[in-house]
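Open the model in your viewer and keep the sequence panel beside it. The stops below go from one selection to the next.

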Amino acid sequence: MYQFNVYRIGPEIKIGEVDLSFTNASLFMVISSLAVLIIFNLGSKKNSLIPNKIQLLAELSYTFVSKMISDTAGSKAKPYFSFIFSLFMFVLFCNMFGMIPYAFTVTSHIIVTFVLAAFIFFGVTIIGFIKHGFGYLKLFVPSGVPVVLLPLIVVIEVISYLSRPVSLSVRLFANMMAGHTMMKVFGGFVISLGIVGGWLPLGFSVALTGLEILVAFLQAYVFAILTCIYLNDALNLHH
Amino acid sequence: MFLRFSQTLLIYFLLFSYVESAESGGMPQLNPEFWFSQIFWLIITFGIMFILLSKFVLPKISENLELRKAQISENIEAAEKQREESDKKLKEYDQLIINSKNEAKNYFNKAREKILKDVDKKRESLEKEIDEEIDKVEKEILDLKNKSPEKIRKIAVETSSDLIKQIIGVEVNNSSISAIVEDVSRKTN
């Protein structure tokens, strides 16, 4: 589990009793956000009719996220585009930087994903109450349910709503952690089986790397699209 | 929904069993030592990235996309217009060619008719002249023909009377000679 260890880089920064030191996790957060900023800044700097590679990358990502939002949450979600775009890119770059050997995966820590998910949860709930007032509570009362079942359904709906941040954060964190742990386990097998038997786990490790890159993209996408779906619930109350 | 809920519960269960089993080694994720540090730095990095992206980068990208869209549709419009114009020009050109062809044909026809007429006229006048000439000549010939026997007779009579005079020395009556000449010429005929 050494790959998930967080350690201090540089001096210890303490505000009161709280330790806010710069760690390897912080370093990779800075690297990821800087990479996002640099790539998209380069991609938006020059406007040529026929885009160059980096501009194409930026514009394709832009249209990809924009289409995702308008497909799941409709046109009302336009003002939240830049937040969801940043969220998707941040998670994606953190996941992808985690795939580099000896790098630290920011999203493999539950506290990071939970803070993101909790922020989304509170944000969406506040947006829902602002848009619909107390009518937002109708979200917990699905239409067309028999009256007898209603108390049970409402309880389940409330629990499911409250478990959203947990499921959102745990999904991302568990996927990243499980993938990296698995690669580490297979890597350990390569060492312990030596030159004779080590080839099979090595092959698995290589295949897993490909799979993990896919998972890294997929989990970022799922994170963003679930945010869009929650936002859709808040913006367009269907019950 | 039930499925998602049970899935969440399952993940919880797995997580807690993980925690219990790894408590001695310690899962780094559940060590709260650096939690606040991580939260703090997450807010700072993500916040700065979000602000810079939403203030400067994303509007520029969106503007670029809009501009490209506008430019492309403008170009398409201009191309459409030019195509229509060239179609019109092509039609005009075709019309012009057809017109000039017709005109040329007209000129040609007119010229041919005129030439034909001229030729006809000239031939007619020529024929007339020739006919007249022939008529005249024929008349002359006929005249000559009609006149010749009398002259011959006269000459014959004269010469015979002269001959007789020189040979015999006798003056012969002209009328008797002419009667003889007539007789002879009838016999020879």
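## The core

Start with A:Ala25, A:Ile84, A:Phe88, A:Phe90, A:Val91 and A:Leu231: these have the most contacts inside the largest nonpolar core, which has 59 residues. Now colour the elements that each supply at least two residues of this core. In chain A they are helix H1 (24–45), helix H2 (53–73), H3, H4, helix H6 (164–197) and helix H7 (199–235); from chain B, H2 joins them. H3(A) gives the most, with 10 residues.

This is a predicted model. Colour chain A by pLDDT: its mean is 90, and 99% of its residues reach 70 or more. Within chain A, confidence is highest in H3(A), at 94, and lowest in strand E1 (residues 14–15), at a mean of 82.

## Helix H3 of chain A

Select H3(A). Its 18 residues reach 26 Å from first C-alpha to last, close to the 26 Å expected at 1.5 Å a residue. The helix is mostly covered, with 13 of the 18 residues buried.

Centre on A:Ile84. What does A:Ile84 contact, leaving aside neighbours within four places in sequence? Select A:Val65, A:Ile69, A:Ala224, A:Thr227 and A:Cys228 to see its partners.

## Across to helix H2 of chain A

Follow the contact to A:Val65, in helix H2 of chain A. Is A:Val65 buried or exposed? A:Val65 counts as buried because it has 23 C-beta neighbours inside 10 Å, and the cut-off for buried is 20 or more. Besides A:Ile84, A:Val65 touches A:Phe85 and A:Phe88, not counting residues up to four places away in sequence. For a sense of scale, put a distance label between A:Val65 and A:Phe204: they are 33 Å apart, C-alpha to C-alpha, and 139 residues apart in sequence.

Widen the selection to the whole of H2(A). Its 21 residues should span 30 Å at 1.5 Å a residue, and the end C-alpha atoms are 30 Å apart, which agrees. Show A:Gln55, A:Ala58, A:Tyr62, A:Val65, A:Ile69 and A:Ala73, which are buried. Look down the axis: the buried residues of H2(A) fall within an arc of 110°, so they line one face of the helix. An α-helix has 3.6 residues a turn, so residues three or four places apart point the same way.

Turn to the other side of H2(A). There A:Lys53, A:Leu56, A:Leu60, A:Lys67 and A:Asp71 are exposed. Then bring back what covers the buried residues: the cover includes H1, H3 and H7 of chain A, together with H2 of chain B. Just after H2(A), stop at A:Gly74, where phi is positive, at about 80°.

## A loop residue

Go to A:Tyr102, in the loop between helix H3 (81–98) and helix H4 (110–132) of chain A. Its phi is near 70°, a positive value in a residue other than glycine. Most residues other than glycine have a negative phi. A:Tyr102 is exposed, with 5 other C-beta atoms within 10 Å.

## Over to chain B

Finish with chain B. It has three helices and zero strands, in the pattern α-α-α. Buried residues make up 9% of its 189 residues.

Select the contact between the chains: 42 residues come from chain A and 36 from chain B. On the chain B side, helix H1 (2–21) and helix H2 (35–168) are the elements that give two or more residues. H2(B) has the largest share, 25 residues. Colour that side of chain B by residue class: 24 are nonpolar, nine polar and three charged.

Definitions and conventions:
Residues are numbered from 1 along each chain as its sequence is written. Chains are lettered from A and ligands numbered from 1 in the order in which they are written. This is a predicted model: local features need pLDDT of at least 70, side-chain atom pairs count only at pLDDT 80 or more; totals for chains, interfaces and linings use all residues. Two residues are in contact if their C-beta atoms, placed from the backbone, lie within 7 Å. Helices (H or I, at least four residues) and strands (E, at least two) are DSSP runs, numbered from the N terminus. Ala, Val, Leu, Ile, Met, Phe, Trp, Tyr, Cys and Pro count as nonpolar, Asp, Glu, Lys and Arg as charged, and the others, Gly among them, as polar. A residue is buried if 20 or more other C-beta atoms lie within 10 Å of its own, exposed if 12 or fewer, and partly exposed in between; C-beta atoms are placed from the backbone. The expected span of a helix is 1.5 Å times one less than its number of residues. A nonpolar core is a set of buried Ala, Val, Leu, Ile, Met, Phe, Trp, Tyr and Cys residues joined through C-beta atoms within 7 Å. pLDDT is the predictor's confidence in each residue, from 0 to 100. The arc is that of the directions from the helix axis to the C-beta atoms.
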